[in-house]
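Student: Could you take me through one part of this model closely? I would like to look at the sheets of chain A and the helices packed on them.

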Amino acid sequence: MIEVRGLSKKFRVHVKQPGLRGSLKSLIHREWKEKEALRSVSLEVGPGEIVGLVGANGAGKTTLVKALAGILHPTSGSARVLGHVPWERNDEFRRQIALIMGQKAQLWWDLPAADCFLLLREIYRIPRARFEATLETLVQALGVGDQLKVQIRRLSLGERMKMELIAALLHQPRVVFLDEPTIGLDLTAQRSIREFLLGYLREHRPAMILTSHYMEDIERLCERIVIMREGEFVYDGPLSRIVEEFARHKIIGAELSEPTSAEALALLHRLGEPLPVEGAAIRLKVRRERVAEAASEILRSLGVVDLEIEEEDVGTIIEEIFRKGQA
Amino acid sequence: MNQERGAWAFQVFSMELRKLFAYRADFWLGFSGSVLSTLGISYFLWASVFEARQASEIGGYGFHAMMLYYLAVAMVTKVVQAQEMGLVSQEIYQGTLNRYLVYPVPFFAFKFVENLAHAALFALQLPLALGLFAALFGLPPDHGVSSASVLGGVAAAFLACYLYFALGVLIELLAFWADNVWSLLVMLRITVSLLGGALLPLSVFPEELRAALSWLPFESLLSFPTRALLGELGPEEWGRHLGILLIWSFVTSVAIRLVWRRGLREYAGVGI
């Protein structure tokens, strides 16, 4: 459904020196800086698959999503979404995709959601009966029946995001791009949107690309992730393989019989990187090849009541990857 | 099928009108404010001009007819200029153009339909203003105003509205490259007002200047619909102005298409 080959995008950004002198100078001579937002990335996404794009700010996630939704022209490379070149933006293509941007409202702020949906019914030429049935289902699932007649600008962020989701899915798109759909939402709203998306994915099996800074979004929704750093893919594969491929550490957790002494702390520093905990417990980040040695040293030297060895948190590993390239 | 395809346009038009009608006070205050201020300004301005020149006619207009022209051109200008300036460039600067690129609907048609709703609202005010003028001062002795001339004038104003919209859009598309296009839009508005006959009837201008302007779009944008409204035009002038409007509209639309395609290559879809 989505095929991307060697896609690159360079932006030219105007740079100005600070202060009045810089402003005057830029009146006569403009300085430009080139930024490579995407560097020859390739990707395939099939029906019913949801791919999580993760990376630090400026890694190129949103640029990729915008290019695939037809908003941006790439500098080089090719892409096909449902057999169409996205940036040619023909109506047949646009009728089958949806883009939801958590940071940018797609709906008309002065209108109530119900009016926006009516307009979208005409724009997408959705038959009335199908429109009413789909709207009813989506409104029920997201629990926003009471807010349909309220102006979009008067809704809370969570309610607005739910309306954006309804607006994007009314025409039952076959490809959905979600750019940070839960940004700024409280935990309850985040959870309800995640549950809704999972349900929608199961029922309609669209291809979805999701970008998010919240690891919980990625862990709950995506079986496959793509980690981006400086416009490149650092990893593209199952979420479950991240640990075996990239985790360089394990965490040793132990309950001690008495609070940690200075000698105990010195020992932990020698064995690895102690993580903050309270009371008579320790958590130690240890390189994988030294886990056995560190565990036996702890058992021998400290009064251990209970001990466990865990894998590092997936979110931490991913964050490490997009900060340094690997954990 | 065609009707179904264009159904979104009716929805946009109706929605925009509903938004405008929602502000009832704005409608009546805007109407009475513009009529009264136009009448007041034109009365004092032209009374002094006529008195200073000791003339009974200027550019073929007597004092009474000049007042009527001044009111008519002010109301026609509202129809032609319709919505406020700068909305397209704002969509580009703020990145809200994204939604129009994703929705299967032509962006400029969408924007023009919104603009048309504003033009329609002002077109409703036009006969009201003429009626008010007739009630207060009566129509000038050799006037040509009739229901047919009003209909023709309104139709001409709508055609001019498209061209004015297209000229504005062409400038606004420079927002793909320039940080601010506002000053260019103000220049367009001033040029159209001055050379289109909104400040003075063009019959007052020197013959050479009028000849030079005759193939430019300005006269057809404001003076043409105003004079059509007042029943001052014969079939030949109607034909010439319609031709100019159509040719300039075509040329501007082609230019928009080219600039739009080029601009989208620069578009980053970011903004506040």
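Tutor: Gladly; here is a walk through the two sheets, with a short look at chain B at the end. Please keep in mind that this is a predicted model.

Let us start with the sheet of six strands. This sheet is open, with the order E5-E6-E7-E3-E8-E9 in chain A, and its pairing is mixed. At its edges you will find strand E5 (97-101) and strand E9 (232-238) of chain A, each of which pairs on one side only. Direction ignored, neighbouring strands here are turned by 15° against each other on average. If you zoom in on one edge, strand E8 (residues 224-229) of chain A runs antiparallel to E9(A), and six bridges join the two. Within that region, Met228(A) stands opposite Phe233(A) in E9(A).

Now add the helices. Helix H2 (residues 61-68) of chain A lies across four strands, namely E3 (50-55), E6 (175-179), E7 (207-211) and E8 of chain A, and runs at about 150° to E7(A). Helix H6 (residues 157-169) of chain A packs on this sheet too, where it touches E5 and E6 of chain A. The direction of H6(A) makes about 165° with that of E5(A).

The other sheet comes later in the chain. Its four strands form an open sheet in the order E11-E12-E10-E13 of chain A, with antiparallel pairing. Strand E11 (273-275) and strand E13 (304-311) of chain A are the edge strands, and the twist from one strand to the next averages 25°. Strand E10 (residues 249-256) of chain A pairs with E13(A) over seven bridges in the antiparallel sense, and there Ile252(A) is set opposite Ile309(A). Helix H10 (residues 262-271) of chain A packs on the sheet by touching E11 and E12 (281-287) of chain A, and its direction is at about 20° to that of E12(A).

Finally, turn to chain B, where 20 residues are in contact with 24 residues of chain A. On chain B's side, helices H2 (7-22), H6 (97-102) and H13 (235-266) each supply at least two residues, with H2(B) giving the most, six residues. By class, that side has 12 nonpolar, four polar and four charged residues. H13(B) also packs with helix H8 (residues 147-172) of chain B, at an angle of about 30° and with the axes 9 Å apart. These two helices, H8(B) and H13(B), are therefore roughly parallel to each other, and their crossing is left-handed.

Conventions: Residues are numbered from 1 along each chain as its sequence is written. Chains are lettered from A and ligands numbered from 1 in the order in which they are written. This is a predicted model: local features need pLDDT of at least 70, side-chain atom pairs count only at pLDDT 80 or more; totals for chains, interfaces and linings use all residues. Two residues are in contact if their C-beta atoms, placed from the backbone, lie within 7 Å. Ala, Val, Leu, Ile, Met, Phe, Trp, Tyr, Cys and Pro count as nonpolar, Asp, Glu, Lys and Arg as charged, and the others, Gly among them, as polar. Two strands pair if DSSP finds at least two bridges between them. Axes are lines fitted to C-alpha atoms, for helices over the stretch in contact, and angles run from 0 to 180 degrees between N-to-C directions. Angles under 35 degrees count as roughly parallel, over 145 as roughly antiparallel, 65 to 115 as roughly perpendicular and the rest as oblique. A crossing is left-handed if the near helix is turned anticlockwise from the far one by less than a right angle, and right-handed if clockwise.
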